[in-house]
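Here are my notes on this one, as promised. Have the viewer open while you read, and skip to whichever point you need.

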Amino acid sequence: MKNHLSQHKLPKHVAIIMDGNGRWATLKGLPRWEGHREGVKRVKEITEASAELGIEVLSLYAFSTENWSRPPEEIELLMMLLEEYLERELPTMMEHNIRLSAMGRLFRLPESTQKKLQETIEKTSKNTGMILNLALSYGGQAEITDACAKIAKEVKEGRLRIDEIDENTVKAHLYRPELPEVDLLIRTSGEIRLSNFMLWQNAYAEFYFTPVLWPDFRKGDLIKAILEYQSRERRFGGV
Ligand code: IPE
Ligand code: IPE
Ligand code: MG
C-alpha cells in the first residue's frame, strides 16, 4: 500500500485525536478500560507505521485538560497504561530512532508518570528520526493562555515591548515551539470536532474524520487518510 503514496507530498506533521476507546469496549460488552488497553496497541502500531512512512512529527492526543473530569478510577488506569507503555516501548523507540516529546500542563500528572515521561524523553533525546509528541493534560486554550501569561511576564520584566508582539511571539511561547504546524489532523470515532486540540497549530491543517473507532484504526486507515490528504489542494489563503 505504501507505494500508492507520493513521497514528495507526505504531510510533515500528522496529529491524531485518538477517540472511541470507550465505545469500542461497550460495543463488545467489555468495560471501558479494555478499550483503552486495546487503544495503546494502536498507538504502538500507528507510531511505527508513521516512522516507516517518513512522517517527521506525529502528535497524539492522549489526555486532555477536560479529561481530568473523568472518574478517578479511569484516570488512574489511563496513567498506569501510559507508564507501562513508556516502559515497554522504549526499545521500539530506540530501534526506530524516535524522539519522544510531550506537551500540556504536565505538572498535573501523577509524579510517577512525570518521572517515567522525563526519563523516556531523556533516553530518546539523541535520536534523530520521527518526533513522537504526546499531548498529555493538554488543552489548546490552556496552551494559548499559558503563552499569554509568559509573554505578559516578559513585558512586565522589560524583556519585551508590546509593539514587538506578533504571531511569531505567540508561536515561540507555545509548549513545543520547535514543531512545525500540523499538516494533517485525523480524528477517529465519527466525532466532527477539535475538542480543544492544538488550536493554534491546526490553523491551516487538512482535517480527516473517520467513523473508525481508535482501537480499530490500523496502518491501512492511516495510509487512507494520507492518500486523501495528498488529493487535497492547499491554498493557505492564496489563489
Ligand atoms: C479516547 O477514547 C481516549 C481518551 C480520551 C483518553 P474515549 O475514552 O474518549 O472513548 P469514547 O469517546 O468514550 O468512546
Ligand atoms: C478528545 O476526546 C481527547 C482525547 C482523545 C485525548 P474526548 O472523548 O475527551 O472528547 P469529547 O469529550 O468527545 O469532545
Ligand atoms: Mg471520547
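How do the residues of the shell around ligand 2 divide into nonpolar, polar and charged? Keep that in mind for point 1; also remember throughout that this is a predicted model.

1. Class make-up around ligand 2. The answer is five nonpolar, two polar and four charged residues. If you want to pick them out on screen, the residues around ligand 2 are Ile17, Met18, Asp19, Tyr61, Ala62, Phe63, Asn67, Arg70, Arg187, Arg193 and Ser195.

2. Where that shell comes from. Strand β2, which covers residues 57–64, is the top contributor to the shell around ligand 2, giving three residues.

3. Side chains reaching ligand 2. Three distances to oxygen atoms of the ligand are worth pulling up. Arg193 has a polar side-chain atom 2.8 Å from an oxygen of ligand 2, and for Asn67 the corresponding distance is 2.9 Å. With Arg70, a polar side-chain atom is 3.4 Å from a ligand 2 oxygen. On its own, ligand 2 has 390 Å² of accessible area, and the protein covers 77% of it.

4. Now ligand 1. Its surroundings are Met18, Asp19, Gly20, Asn21, Gly22, Arg23, Arg32, His36, Ala62, Asn67, Arg70 and Leu78. Sorted by class, this shell holds three nonpolar, five polar and four charged residues.

5. Backbone and side chain at ligand 1. Here the backbone joins in: a polar backbone atom of Arg23 is 2.7 Å from an oxygen atom of ligand 1, and a polar backbone atom of Asn21 is 3.2 Å from a ligand 1 oxygen. Arg32 uses its side chain, with an N or O atom 2.8 Å from an oxygen of ligand 1. The protein buries 86% of the 380 Å² that ligand 1 exposes when taken alone.

6. Pocket and helices. Which pocket does ligand 1 sit in? Ligand 1 is in the largest pocket, and ligand 2 sits in the largest pocket as well. For the shell around ligand 1, the elements giving two or more residues are α1 (21–27) and α2 (32–53). Of these, α1 gives the most, with three residues.

7. A closer look at α2. This helix has 22 residues and spans 31 Å from its first C-alpha to its last, close to the 32 Å expected at 1.5 Å a residue. Right after α2 comes Gly54, with a positive phi near 100°.

Definitions and conventions. Residues are numbered from 1 along each chain as its sequence is written. Chains are lettered from A and ligands numbered from 1 in the order in which they are written. This is a predicted model: local features need pLDDT of at least 70, side-chain atom pairs count only at pLDDT 80 or more; totals for chains, interfaces and linings use all residues. Side-chain values use heavy atoms; hydrogens and water are left out. A residue is near a molecule or strand if one of its heavy atoms lies within 4 Å of it. A polar contact is a pair of N or O atoms within 3.5 Å; within protein, one must be able to donate a hydrogen and the other to accept it, and residues adjacent in sequence count only if both atoms are side-chain atoms. Accessible areas come from the Shrake-Rupley method with a 1.4 Å probe; for residues, only the protein chains shown count as cover. On a 1 Å grid over the protein atoms alone, a cavity is a set of points where a 1.4 Å probe fits but cannot get out, and a pocket is an open set with protein on both sides within 12 Å along at least five of seven lines; lining residues have an atom within 4 Å of a point. A molecule sits in a cavity or pocket if more than half of its atoms lie within 2 Å of its grid points. Helices (H or I, at least four residues) and strands (E, at least two) are DSSP runs, numbered from the N terminus. Ala, Val, Leu, Ile, Met, Phe, Trp, Tyr, Cys and Pro count as nonpolar, Asp, Glu, Lys and Arg as charged, and the others, Gly among them, as polar. The expected span of a helix is 1.5 Å times one less than its number of residues.
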